[in-house]
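Open your viewer and keep the selection tool at hand. We will go stop by stop, and at each one you will hear what to pick and what to look for.

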Amino acid sequence: MSQTMVSVQSLRKHYTVHKRPPGLRAALGSLFRRIPSVVKAVDGISFEIARGERVGFLGPNGAGKTTTLKVLAGLLHPSSGEVRVDGHVPQRREDAFLKKITLVMGQKQQLLWDLPPSETFALNRAIYEVPEPQFRDTLAELTELLELGDLVNKPTRTLSLGERMKCELAAALIHRPQVLFLDEPTIGLDVSMQVVIRDFIKAYNERTGATLILTSHYMDDVAALCPRVVVIDKGVLSYDGALDELVRRIRPEKRLVLRLDGPVDRTALEAVGRVVSTDAAGVTLQVPQDSVNAAVSRALATLPVHDLTVENAPLEEVMSELFAQSRAARGEVEDAA
Amino acid sequence: MSVRSTVRALPTLFRVGFAEMVAYRAEMLVWVLATTMPLIMLALWSAVARDAPVGRFGQEDFVAYFLATFIVRQLTGAWVAWQLSFEVRTGTLAMRLLRPLHPMVSYAVENLSAIPLRLIVAFPVAVLALVLTGAQRLPRDPLLWGVLLLALLGGWLITFLANAVIGTLALWTGSSIKVMDVWLALFMVFSGYLVPVELFPPLIRGAVEVLPFRYQIGFPVEVLTGALHRGAALRLLLGQWIWIGLFVLGLRIMWRRGLQRFAAYGG
């Protein structure tokens, strides 16, 4: 059995859209002449994902993450390039392929709106041909992990967003897929529900060895779930590797987060490191990675430290820095052209 | 999904589909009320035929014809064009495409699941028709009963397939509801829904013979009311199933090509 679960080579997905400026004149004009424009949603990306890996797709809105995910799930036909998921060509949508995957979209649902989720589970059992004993075991396991309880017997429309997402996940996993495509699964959920969903996804991956590909704008999701990230911006791959390495590369400095027993003069703080923020809760200083030990010693010696922690820069900051660097690099290329 | 697997899944699909229809029963009732046009036509044409028959249609003939039309309409309804057009526009078709079951099978099951509820309405009308017009109009030839069953199935299939073809157009146009409106307007005129096809002038009747609309309503109604003899019924049955074949072929081609354009909007 090959260790590669997902293989993407030079994937392109281009759309033709018709542009029209606002106004009546433009509207009338578009009746006779439409101005086509090609949108390069994905523009030549390549990567491979091993069996059982957890990978986060990161990028700003419109970067091409969801398009890539939809191509991998067989919903979109690539404009060019080669895509394989466990040896299958996704857009052929063979039964064997569809039974191996699931796609959960935070903004779309498969649950039947006016019926209890248990009816969607039964429907999926029949469609995916899940044997009855396996269905019972899987459902019991999912009910325990997701704490579904009696939720499955209430009409979907009466469930809260968080409850619905838990049931969506259960419906998507009834057939025990080997590849999970998760597109913003925690969108709109409160913090505690995000943690529940995150913990469940991680537990599912560890129990079953399923491959997991996640897109999320919540960096906490990515940090908690994905040791590896693939960063896409404007349809182009700008980073593929370990999350820690990305942080080290973009923001090599460390953060010293201090809680102090009393007020301190700013110059005393600046003697330890660059001041990032100060507030009632404490002080955050930035220091070069190779000076962390010295900075910690100086802080303990010269400041009234109550508590001290050393952290990486927040992932949000790392990502916006990375996107800014990508944009600058593209600008230079375009200027040169 | 193989045919065998699909057949195995059908009982659950129909059970869940029926549960959904029960949940939407109020909407279903509104649809039934919207299909009472044959009953209005019944009153209108009966009044016209009070003094003298219209063609071969006397008052009782019109009563039998339009009550049968109402029943056939209840049994051959489909709304997949609206479903498909909406799901293409919003991208929710994606959820169907992710399952190992052809979306057309799931649409067909959902549409067919409405029939048991509609039968509750159609059955009393059938009894009323028997009381008002007697059983002598019903076909006496056993073969014609077989033809009637196939004609009803064919009527539903043409309605469903035409809906599906028009819904699939949304993969190119973004929405195909207006095309469906045009189809419905033609259906109203040429299917025998408002006027029995026999009463059309010869020139228009010639066109109706080759169009698919009559096979949706008029043909099953004509068999049910004993208006057709064996030869004519079999000839029309052949015409109906040729149309079904053409629609299946057209749908297969359009579906395959259209899916390549599917943009799975949203999410």
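The tour starts with chain B, moves to chain A and ends where the two touch.

**Before you click.** This is a predicted model, in which local features need pLDDT of at least 70 and side-chain atom pairs count only at pLDDT 80 or more, while totals for chains, interfaces and linings use all residues. Residues are numbered from 1 along each chain as its sequence is written, and chains are lettered from A, with ligands numbered from 1, in the order in which they are written.

**Stop 1: all of chain B.** Select chain B and show it as a cartoon. You will find 14 helices and zero strands; helices (H or I, at least four residues) and strands (E, at least two) are DSSP runs numbered from the N terminus. The radius of gyration, taken over C-alpha atoms, is 19 Å, close to the 18 Å that the globule rule gives for 267 residues, so chain B is as compact as a globular protein of that length. That rule is 2.2 Å times the number of residues to the power 0.38. Along the principal axes, the C-alpha atoms of chain B fill a box of roughly 65 × 40 × 35 Å. Of the 267 residues, 39% count as buried, meaning that 20 or more other C-beta atoms, placed from the backbone, lie within 10 Å of the residue's own (12 or fewer is exposed, in between is partly exposed).

**Stop 2: two helices side by side.** Now select residues 59-75 (helix 4) and 115-133 (helix 8) of chain B; their axes come within 9 Å and cross at roughly 170 degrees. Axes here are lines fitted to C-alpha atoms, for helices over the stretch in contact, and angles run from 0 to 180 degrees between N-to-C directions. The pair is therefore roughly antiparallel, the word for angles over 145 degrees. Show side chains: among those that meet are B:Leu67, B:Phe70 and B:Ile71 from helix 4, and B:Val121, B:Val125 and B:Leu128 from helix 8.

**Stop 3: one residue in helix 4.** Zoom in on B:Ala68, which is found in helix 4 of chain B. Is B:Ala68 buried or exposed? With 26 C-beta neighbours inside 10 Å, B:Ala68 counts as buried. Leaving aside neighbours within four places in sequence, its contacts (C-beta atoms within 7 Å) are B:Ala129, B:Val221, B:Leu224 and B:Thr225.

**Stop 4: helix 5 of chain B.** Select residues 80-90 and look for the buried ones, including B:Val80, B:Leu84 and B:Val88. Their cover includes helix 6 (93-97), helix 7 (103-112) and helix 9 (142-168) of chain B. Just after helix 5 comes B:Gly91, whose phi is positive, near 85 degrees.

**Stop 5: a sheet in chain A.** Switch to chain A, where three strands form an open antiparallel sheet in the order 2-1-4; strands pair if DSSP finds at least two bridges between them. Strand 2 (35-50) and strand 4 (80-85) stand at the edges, each with a single partner strand, so one side of each is left without a neighbour in the sheet. Five bridges join strand 1 (residues 4-19) to strand 4. Label A:Val8 and you will see that it stands opposite A:Val83 in strand 4.

**Last stop: where the chains touch.** Show both chains together; the contact takes 27 residues from chain A and 24 residues from chain B. On the chain A side, helix 4 of chain A gives the largest share, five residues.

Definitions and conventions
Contact = placed C-beta atoms within 7 Å. Parallel < 35°, antiparallel > 145°, perpendicular 65-115°, else oblique.
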